[in-house]
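Please open the model in your viewer and have the selection tool ready, since each stop on this tour begins with something to pick out.

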Amino acid sequence: MNKEPEINVEKHIAYWRDGALECWKDVAHSMKGDRISLALFSTHLAVEKALKAHVVKKTKNFPPMIHNLISLAKIAGLNLTSQYIDLFSELNPLSIEARYPGAVTQRLTKRQAELIVQHTKVVLEWLIKEL
């Protein structure tokens, strides 16, 4: 029988939650330095890690090694508002731009990035609170 290994669920939730909060610090630091691509990558990563904490909470197992925020939210069983789905759809390609410069055709201005960060902060706070 191929049984999944048992994990310490609370420990893994804390690991992902703390990682999300650490990434959020990187967002603020990168924005101050006008490193927009890195800031937006860290924004995506913070949400991804918070969602992975929710996946662990829901499944009692390791989260999948995927980066799609909407897919992770579905696995976690979260009821997302249409605004959150729109935000996640906007964040998903931004993680690609940091890894593969030029892959995303539209570069965002600092003001656009600031708005995304503001909206993401609200979602991230909700995700952390719901853990």
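In this predicted model, begin by selecting α1 and α2 together and looking at how they pass one another, for their crossing is left-handed. Helix α1 covers residues 9-32 and helix α2 covers residues 36-59, and the two pack at an angle of about 165° with their axes 8 Å apart. Because angles over 145 degrees count as roughly antiparallel, α1 is described as roughly antiparallel to α2. If you colour the contact of α1 with α2 by residue class, you should find 16 nonpolar, 5 polar and 5 charged residues.

Stay on this pair and select Ser-30, whose place is in helix α1. Is Ser-30 buried or exposed? With a relative accessible area of 6%, Ser-30 is buried, because buried means under 20%. Leaving aside residues up to four places away in sequence, Ser-30 touches Arg-35, Leu-38 and Ala-39.

Next, keep α2 on display and add α5, which spans residues 110-129. Here α2 and α5 pack at an angle of about 15°, with their axes 10 Å apart, and that angle makes α2 roughly parallel to α5. As α2 passes α5, the crossing is left-handed. To see the contact itself, select on the α2 side residues including Ile-36, Leu-40, Val-47, Leu-51 and His-54, and on the α5 side residues including Lys-110, Ile-116, Thr-120, Leu-127 and Ile-128. By class, the residues of the contact of α2 with α5 divide into 12 nonpolar, 3 polar and 1 charged.

Now turn to the largest nonpolar core, which has 33 residues, and select Met-31, Val-47, Leu-51, Leu-78, Phe-88, Leu-91 and Leu-127, the members that touch the most other members. The elements that give two or more residues to this core are α1, α2, α3 (69-76), α4 (82-99) and α5, and the largest share, 10 residues, comes from α2.

Within this core, centre the view on Leu-51 and show its surroundings. Which residues does Leu-51 touch, not counting residues up to four places away in sequence? They are Leu-69, Leu-72, Ala-73, Ala-76, Leu-78, Phe-88 and Leu-127.

For the last stop, select Ile-7, Ile-13, Trp-16 and Ala-53, which are among the 6 residues of a second, separate core.

Definitions and conventions. Residues are numbered from 1 along each chain as its sequence is written. This is a predicted model: local features need pLDDT of at least 70, side-chain atom pairs count only at pLDDT 80 or more; totals for chains, interfaces and linings use all residues. Side-chain values use heavy atoms; hydrogens and water are left out. Axes are lines fitted to C-alpha atoms, for helices over the stretch in contact, and angles run from 0 to 180 degrees between N-to-C directions. Helices (H or I, at least four residues) and strands (E, at least two) are DSSP runs, numbered from the N terminus. Angles under 35 degrees count as roughly parallel, over 145 as roughly antiparallel, 65 to 115 as roughly perpendicular and the rest as oblique. A crossing is left-handed if the near helix is turned anticlockwise from the far one by less than a right angle, and right-handed if clockwise. Ala, Val, Leu, Ile, Met, Phe, Trp, Tyr, Cys and Pro count as nonpolar, Asp, Glu, Lys and Arg as charged, and the others, Gly among them, as polar. A nonpolar core is a set of buried Ala, Val, Leu, Ile, Met, Phe, Trp, Tyr and Cys residues joined through side-chain atoms within 4.5 Å. Buried means under 20% relative accessible area, exposed over 50%, partly exposed in between (1.4 Å probe, protein chains only). Contact means heavy atoms within 4.5 Å.
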